[in-house]
Amino acid sequence: MTTSQTTALESLAELADKPQELFDRVAQDLAAAEQWHQLFDLRLMQRRHELGLPLERNSTLEDVDESLRDDLEQGYLAACREVGQLLLDKHQLREAWMYLRPASEKEMVRKYLESVVPNEDNCDALIEVSLHEGVDPERGYAWLIANHGTCNSITTLDSLAGQLPEQQQESCAAVLLRHVYAELQGNMRGHLHRLEGEAPEGISIGELMQQFPALTEGGSYHMDASHLASTVRFARLLTDPQLVKKAIEICEYGKHLIEDMQYPGEAPFEELYPTHELFLRATLGERVDEAIEFFTRRAREEQAAEPALGVPTNTAVETLLVLLNRNERYAEAMELYAELVPTDRALSPLSPTLLELATQSGDWQRYEALCSERNDIVGYAAGRALQQG
């Protein structure tokens, strides 16, 4: 044992009859030595001592008397927060999140993420925690695009689509759209500068196409066509009018690409750019009847078709329900839901439910009739509960 260790133990011995002060002194020493895991274990031991639990055996919550479980659990969470914050202060994000996750301290980590600057050393950890762990997906996705490029970011968003809540998917789609729009706009301006020696500042993609048609003539293109196609596909999540208008401009651009570069989409968006433009314009309240008629027809075709590989698809009917919901045509959506969605079919979380449509329309009489027709006793009970407040 070294002299310094002997001195430290002697100082602790002075607190032998003051266990709480002893625990706090040891905690200070462990924090100073950056021994985070030992600090965590110490705080748990301190809590067990406060509750009169044995220290020689670290039993689980189930082994502790029920009257003490909540207090012991609160001590565990307090230790998680303390160690997690200390690790954040040392910029050890992955390790901090390991402690802060069980304490549900996303807000603490978000505040840290607001102040940090990505660099070569921390970028992957920042993206992992903010995006893949769902702490701040919009910020993490922006870092992903900036540091790993458009292609990688699109692939990642595809893989996360089923994991992120709708609002977070929409936020990431907005980041992607802004990035792709700015890149396409910049490339078009660069092309215009080469053609005419100058390019107006702040000119939109739509204005570039209208005022300088030579930019899209002769098979010219200004961005990877697959990136444009994926951006338009994700734009279906967006409702902000300014962003939707940008997406429509990208659709207009896409329609000018040569046929080989206009990749087909999944049904009902086989004609990728025209059908997405129709959907997006209807989101803005334009060409709504035309869009509803088109997607209703495609939804009926979808439901009548034999499912590929035995797996039914719902893209067309979900698109139709989303569009009706956005245009506040709730009663119509309820009727088409009843017609087109089999009782044993589950739609994605992106589609409005029958209960949501009833809540929006206020037509509980029709909702309960539909529940009766579909033998949906769970839906009936949920509707009754909502009506009762």
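**Entry 1: Arg-43 and its partner**

I looked up Arg-43 and found a relative accessibility of 18%, so this residue counts as buried, given that buried means under 20%. The model I am reading is a predicted one, and I keep that in mind for every value I note here. Next I asked which residue the side chain of Arg-43 meets in a salt bridge. The partner is Asp-24, and the distance from N to O is 3.1 Å. Arg-43 sits in helix H3 (residues 36–50) while Asp-24 sits in helix H2 (residues 19–32), so the salt bridge ties together parts that are 19 residues apart in sequence. Asp-24 has a relative accessible area of 34% and is partly exposed, whereas Arg-43 is buried. I wrote a reminder in the margin that side chains of opposite charge can pair when their charged atoms come close.

**Entry 2: other salt bridges**

How many salt bridges does the structure hold? I noted 27 of them, and I followed two further pairs.

One of these joins the side chains of Arg-233 and Asp-158, with 2.9 Å from N to O. This pair links distant parts of the chain, since Arg-233 belongs to helix H11 (residues 225–234) and Asp-158 to helix H8 (residues 137–160), and the two are 75 residues apart. Arg-233 is partly exposed at a relative accessible area of 28%, and Asp-158 also counts as partly exposed, at 35%.

The other pair is Glu-252 with Lys-255, whose side chains meet at 3.5 Å, N to O. Glu-252 has a relative accessible area of 24% and is partly exposed, and Lys-255, at 34%, counts as partly exposed too. When I followed the shared partners, I saw that salt bridges join Glu-252, Lys-255, Glu-277, Arg-281 and Glu-286 into one network.

**Entry 3: H12 against H13**

Since Glu-252 appears again in the contact between H12 and H13, I turned to these two helices. Two packed helices are described by the angle between their axes and the distance between the axes. For helix H12 (residues 241–254) and H13, I noted an angle of about 160° and axes 9 Å apart. The two helices are therefore roughly antiparallel to each other, and their crossing is left-handed. On the H12 side the contact is made by Val-244, Ala-247, Ile-248, Ile-250, Cys-251, Glu-252 and Gly-254, which meet Tyr-273, His-276, Glu-277, Leu-280, Arg-281 and Thr-283 of H13.

**Entry 4: H14 and H15**

From H13 I moved on to helix H14 (residues 288–304), which has 17 residues and spans 24 Å from its first C-alpha to its last, close to the 24 Å expected. Its buried residues include Val-288, Ile-292, Phe-294, Phe-295 and Arg-298. Which helices do the buried residues of H14 pack against? I found helix H13 (272–283), helix H15 (315–326) and helix H16 (330–340).

H15 has twelve residues and reaches 16 Å between its first and last C-alpha atoms, close to the 16 Å expected. This helix is mostly covered, with ten of its twelve residues buried, among them Thr-315, Glu-318, Leu-320 and Leu-324. What covers them includes H13, H14 and H16. After H15 comes Glu-328, for which I noted a positive phi, near 60°.

**Entry 5: H4, H6 and Glu-105**

Are H4 and H6 roughly parallel or roughly antiparallel? Helix H4 (residues 66–89) and H6 pack at an angle of about 10° with their axes 11 Å apart, which makes H4 roughly parallel to H6. The contact is made by Arg-81, Gln-85 and Leu-88 of H4 together with Met-108, Val-109 and Tyr-112 of H6.

Arg-81 also came up when I looked at Glu-105, which lies in the loop between helix H5 (93–100) and helix H6 (106–115). Leaving aside neighbours within four places in sequence, Glu-105 is in contact with Arg-81, Trp-97 and Leu-100. Although Glu-105 lies in a loop, its relative accessibility is 18%, so Glu-105 counts as buried.

**Entry 6: Val-175**

My last look was at Val-175, which is found in helix H9 (residues 166–196) and counts as buried at 12% relative accessibility. Not counting residues up to four places away in sequence, Val-175 touches Glu-138, Tyr-141, Ala-142 and Ile-145. I also checked Val-175 against Ala-385, which is 210 residues away along the chain, and their C-alpha atoms are separated by 38 Å.

Technical notes
Residues are numbered from 1 along each chain as its sequence is written. This is a predicted model: local features need pLDDT of at least 70, side-chain atom pairs count only at pLDDT 80 or more; totals for chains, interfaces and linings use all residues. Side-chain values use heavy atoms; hydrogens and water are left out. Helices (H or I, at least four residues) and strands (E, at least two) are DSSP runs, numbered from the N terminus. The expected span of a helix is 1.5 Å times one less than its number of residues. Buried means under 20% relative accessible area, exposed over 50%, partly exposed in between (1.4 Å probe, protein chains only). Contact means heavy atoms within 4.5 Å. A salt bridge is a side-chain nitrogen of Lys or Arg within 4 Å of a carboxyl oxygen of Asp or Glu. Axes are lines fitted to C-alpha atoms, for helices over the stretch in contact, and angles run from 0 to 180 degrees between N-to-C directions. Angles under 35 degrees count as roughly parallel, over 145 as roughly antiparallel, 65 to 115 as roughly perpendicular and the rest as oblique. A crossing is left-handed if the near helix is turned anticlockwise from the far one by less than a right angle, and right-handed if clockwise.
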